[in-house]
Amino acid sequence: MPLPQGQWPVLEKGWVWLCGAGPGDPGLLTLHALNALRQADVVIYDALVQEAILAWAPQAEHIYAGKRGGKPSAKQRDISLRLVDLAREGKRVLRLKGGDPFVFGRGGEEAQTLVQHGIPIRIIPGISAGIGGLAYAGIPVTHRDVNQSVTFVTGHDQSGNATSSLDWTAISKGSQVIVIYMGMKHIAHITAQLLAAGRPATEPVAIVTTATTEQQQVLETTLGTCVADIEAAGAEPPAIICVGRAVAMRQVLDWQGQMAGEAPRNLDPLGRGRPAESA
């Protein structure tokens with residue numbers, strides 16, 4: 001797959017590029033990411049990076065540095081300092097992260113460590129699962145009839161516990177659509193907080209697991225029943241959770257279902273009573 005003609009940046013020896021690999025589907029990789037893969041001497045990759053993406057760097061050493069909740073994984077300090085050591089060895093280093101490195105990906109921490117140790121860096125953004133993963137499920141995170149705001153939150157803190165620093169009441173009242181990363185472990189706590197803050201139990205919720213891959217599954221539920229429904233469905237991480245009326249748009253925008261021959265369930269799920277183009 002040749003890159004289009006142009007002046008593509010060169011990954012020099014001793015540099016580290018921190019790159020987003022997107023939410024899963026290799027086709028969502030950026031051209032800058034592909035360019036980096038072809039030049040790297042070593043690729044340090046996270047748990048959600050697909051093997052098909054790594055295959056685009058056959059010349060490179062591949063080092064796994066995934067961190068998954070509840071499973072043995074490398075310590076963040078060790079990962080960051082490994083990047084420093086590899087760069088000092090004169091390697092062309094590509095740090096490949098699922099989604100976007102600066103969206104709940106610890107990319108800021110790793111980049112700061114590198115700069116503090118005098119290592120030159122380049123940042124390559126990627127498509128975040130909170131946007132791309134939901135789009136593959138047919139859920140727009142913004143829609144003029146539904147929301148003028150969207151809030152992205154993480155479901156746990158550095159220790160893996162439920163995030164105590166979040167003001168769920170303020171989030172509930174201030175954002176019509178809430179997108180939760182890494183929230184499956186603490187979904188009972190999160191839903192209880194949102195319900196206590198006044199969100200209706202009937203509010204639509206979607207859980208998208210292994211988003212944008214062939215294993216993607218989408219569970220449509222409500223805020224009041226999602227904990228039980230997740231358990232009944234056996235849904236497991238990695239998952240993106242979306243709370244808000246935008247979830248209803250999946251009834252008309254489930255494009256993957258339509259590609260498989262399914263008819264839209266509801267052409268007007270928001271009950272506008274007029275064609276979409278008349279907005």
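This report describes the strand order, helix packing and selected residues of a predicted model.

## The parallel sheet

One open sheet contains 5 strands in the order β3-β2-β4-β1-β5, and the pairing is parallel. Its edges are formed by β3 (61-64) and β5 (121-124), each of which pairs on one side only. From one strand to the next, the twist averages 20°.

Strand β1, spanning residues 16-20, pairs with β5 in the parallel sense through 4 bridges. Within this pairing, cysteine 19 has isoleucine 124 of β5 as its bridge partner.

Helix α3 (residues 76-88) packs on this sheet and touches β1, β2, β3 and β4 (93-97). The direction of α3 makes about 155° with that of β4. Helix α4, covering residues 107-116, lies across β1, β4 and β5. Relative to β1, helix α4 runs at about 170°.

Helix α1 (residues 31-39) also belongs in this account. Its buried residues are Ala33, Leu34, Asn35, Ala36 and Leu37. These buried residues of α1 pack against strands β1, β2, β4 and β5, and against helix α2.

## Valine 49

Valine 49 is placed in the loop that connects β2 (42-45) to α2 (51-54). With a relative accessible area of 7%, valine 49 falls under the 20% limit and is therefore buried. When neighbours within four places in sequence are left aside, the contacts of valine 49 are Ala21, Leu54, Leu96, Lys97 and Gly98. Of these, Leu54 falls within the range of α2 (51-54), and Leu96 and Lys97 fall within that of β4 (93-97). Leucine 270 stands 221 residues from valine 49 in sequence, and the C-alpha atoms of the two residues are 36 Å apart in space.

## The mixed sheet

A further open sheet has 5 strands in the order β6-β7-β10-β8-β9, with mixed pairing. The edge strands are β6 (150-154) and β9 (217-222), and each pairs on one side only. On average, and with direction ignored, neighbouring strands of this sheet are turned by 20° against each other.

At the β6 edge, 5 bridges join β6 to β7 (residues 177-181), and the two strands run parallel. Threonine 151 stands opposite isoleucine 178 of β7. Towards the other edge, helix α8 (residues 226-233) lies across β8 (204-209) and β9. The angle between α8 and β9 is about 150°.

## The pair α7 and α8

Helix α8 also packs with helix α7 (residues 187-196), at an angle of about 155° and with the axes 9 Å apart. Because this angle is over 145 degrees, α7 is roughly antiparallel to α8. The crossing in which α7 passes α8 is right-handed.

On the α7 side the contact consists of Ile187, Ala188 and Thr191, which meet Cys226, Val227 and Ile230 of α8. By class, the contact has 5 nonpolar residues and 1 polar residue, with no charged residues.

The angles given above for helices against strands or against another helix are collected here.

| Helix | Partner | Angle |
|---|---|---|
| α3 (76-88) | β4 | about 155° |
| α4 (107-116) | β1 | about 170° |
| α8 (226-233) | β9 | about 150° |
| α7 (187-196) | α8 | about 155° |

## Backbone features in the loops

Several loops carry notable backbone geometry. Methionine 182 has phi near 50°, a positive value in a residue other than glycine. This residue is located in the loop between β7 and α7. Methionine 182 counts as partly exposed because its relative accessibility of 36% lies between the limits of 20% and 50%.

Threonine 210 likewise has a positive phi, near 40°, in a residue other than glycine. Threonine 210 sits in the loop between β8 and β9. With a relative accessible area of 25%, threonine 210 is partly exposed.

Proline 237 and proline 238 are joined by a cis peptide bond, for which omega is about 5°. Proline 238 lies in the loop that leads from α8 to β10 (239-243).

Terms used. Residues are numbered from 1 along each chain as its sequence is written. This is a predicted model: local features need pLDDT of at least 70, side-chain atom pairs count only at pLDDT 80 or more; totals for chains, interfaces and linings use all residues. Side-chain values use heavy atoms; hydrogens and water are left out. Two strands pair if DSSP finds at least two bridges between them. Axes are lines fitted to C-alpha atoms, for helices over the stretch in contact, and angles run from 0 to 180 degrees between N-to-C directions. Contact means heavy atoms within 4.5 Å. Angles under 35 degrees count as roughly parallel, over 145 as roughly antiparallel, 65 to 115 as roughly perpendicular and the rest as oblique. A crossing is left-handed if the near helix is turned anticlockwise from the far one by less than a right angle, and right-handed if clockwise. Ala, Val, Leu, Ile, Met, Phe, Trp, Tyr, Cys and Pro count as nonpolar, Asp, Glu, Lys and Arg as charged, and the others, Gly among them, as polar. Buried means under 20% relative accessible area, exposed over 50%, partly exposed in between (1.4 Å probe, protein chains only).
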